[in-house]
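User: I am new to this structure. Please take a close look at one part of it, then show me what else is worth knowing.

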Amino acid sequence: MRRREFIKVIAGSAAAWPLAARAQQNKQMRRVGALMPFVANDPQAQTRNAAFLQGLQQLGWIVGHNLQIDYRWSGGNEDDTRKYAAELVALAPDVILASGSATVGPLRRATRTVPIVFALVIDPVGSGYVNSMARPGGNVTGFTPFDYSIIAKWLELLKQIAPSVTQAAVIRDPAITAGIGMWGAIQSVSPSVAIEVSTINVGDAGEIERALIEFARSPNGGLIVTGSALAVFHRDLIIALAARHRLPAVYYDGYFVAAGGLISCGADNVEQYRLAASYVDRILKGEKPADLPVQVTTKYELIVNLKTATALGLTIPATVLSRADEVIE
């Protein structure tokens with residue numbers, strides 16, 4: 001071969017190397033969607049996302065190397081959640097992470113084929129997302145933070161720490177099936193602890209504030225805050241209103257207590273995202289959501305804020321403190 005022709009061949013091959021490398025990289029790159037019902041700069045949302053990314057990294061998935069993640073942050077807005085669900089499905093990802101009950105419904109309506117792994121979804125069977133816990137069927141599976149048995153204990157806990165409470169407002173999202181189910185579980189135990197219960201539906205900030213002000217006009221009141229994306233979104237407002245109106249409150253997650261709430265009993269919700277990463281990994285490696293059982297958290301944390309208790313004029317019983325996993329002083 002002549003020298004000039006040889007140089008052309010080498011040059012042509014060299015030019016092709018980056019293209020071949022990029023093609024190989026693109027072939028190896030997997031795509032994950034993530035629908036999050038928070039604003040992107042929410043510290044709690046970022047903590048959850050960091051746990052998800054850490055879980056993926058421990059399993060060998062590195063964003064920008066062999067994994068691409070497309071995020072959509074709806075800020076708890078129903079219209080945006082539906083819009084972003086459709087957008088993510090249109091991207092044809094290998095799997096989608098669904099954060100909370102408010103995201104799973106819109107995603108299921110948008111696709112019955114793209115695998116969906118959820119975190120923090122309460123009662124996925126009752127919500128119609130899966131056929132059963134052991135055999136989900138379809139394209140959806142994931143992790144649930146608690147069943148209804150733990151929810152009934154929240155009202156019992158409220159009575160333990162504030163015996164004078166005779167009525168409780170239950171803050172819930174009625175737009176999700178779990179919001180209705182949690183309300184029913186609390187209602188069922190109401191007569192046994194002699195606490196009359198009523199609901200406050202989470203909506204916009206003004207709606208929550210008006211409802212709580214009206215509720216606080218009657219004496220001997222307390223609060224139960226049930227799990228929902230909107231409760232997370234409005235957490236600072238709810239905590240501030242409980243303090244202003246001197247309402248003992250039981251929350252479903254410890255970050256409410258860390259932010260000034262009184263007491264919580266629930267799962268480690270951040271851990272749910274590390275667990276979700278394990279199912280995303282298994283699906284990326286070829287397993288099907290229908291064959292991955294929905295898992296329920298079995299360990300619950302009791303967290304108490306003694307500073308808040310003092311401000312409310314409450315003495316937390318020793319029997320409660322002895323069971324606490326964390327006491328904030």
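Analyst: Start with two helices, H3 and H4, which are oblique to each other because of the angle at which they pack. That angle is about 50 degrees, and the axes lie 9 Å apart. H3 covers residues 78-90 and H4 covers residues 101-110. Angles under 35 degrees count as roughly parallel, over 145 as roughly antiparallel, 65 to 115 as roughly perpendicular, and the rest as oblique. Axes are lines fitted to C-alpha atoms, for helices over the stretch in contact, and angles run from 0 to 180 degrees between N-to-C directions.

This is a predicted model: local features need pLDDT of at least 70, side-chain atom pairs count only at pLDDT 80 or more, and totals for chains, interfaces and linings use all residues. Residues are numbered from 1 along each chain as its sequence is written, and side-chain values use heavy atoms, with hydrogens and water left out.

Back to the pair. H3 passes H4 in a right-handed crossing (the near helix is turned clockwise from the far one by less than a right angle). On H3, the contact is made by Thr 81, Arg 82, Ala 85, Ala 86 and Val 89. H4 brings Ala 102, Thr 103, Pro 106, Leu 107 and Ala 110. Contact means heavy atoms within 4.5 Å. By class, there are 7 nonpolar, 2 polar and 1 charged residues. Here Ala, Val, Leu, Ile, Met, Phe, Trp, Tyr, Cys and Pro count as nonpolar, Asp, Glu, Lys and Arg as charged, and the others, Gly among them, as polar.

Now the setting. The chain has 13 helices and 13 strands. These are DSSP runs, numbered from the N terminus: helices (H or I) have at least four residues, strands (E) at least two. 7 strands form an open, mixed sheet in the order E7-E6-E8-E9-E10-E12-E13. Two strands pair if DSSP finds at least two bridges between them. E7 (196-201) and E13 (326-328) stand at the edges, each with a single partner strand, so one side of each has no neighbour in the sheet. Neighbouring strands are turned by 20 degrees against each other on average, direction ignored.

Within the sheet, E6 (residues 167-172) and E8 (residues 221-225) pair in the parallel sense over 5 bridges. Ala 169 has Leu 223 of E8 as its bridge partner. Helix H5 (residues 148-161) packs on the sheet, at about 150 degrees to E8. Helix H9 (residues 235-244) lies across E6, E8 and E9, at about 155 degrees to E9.
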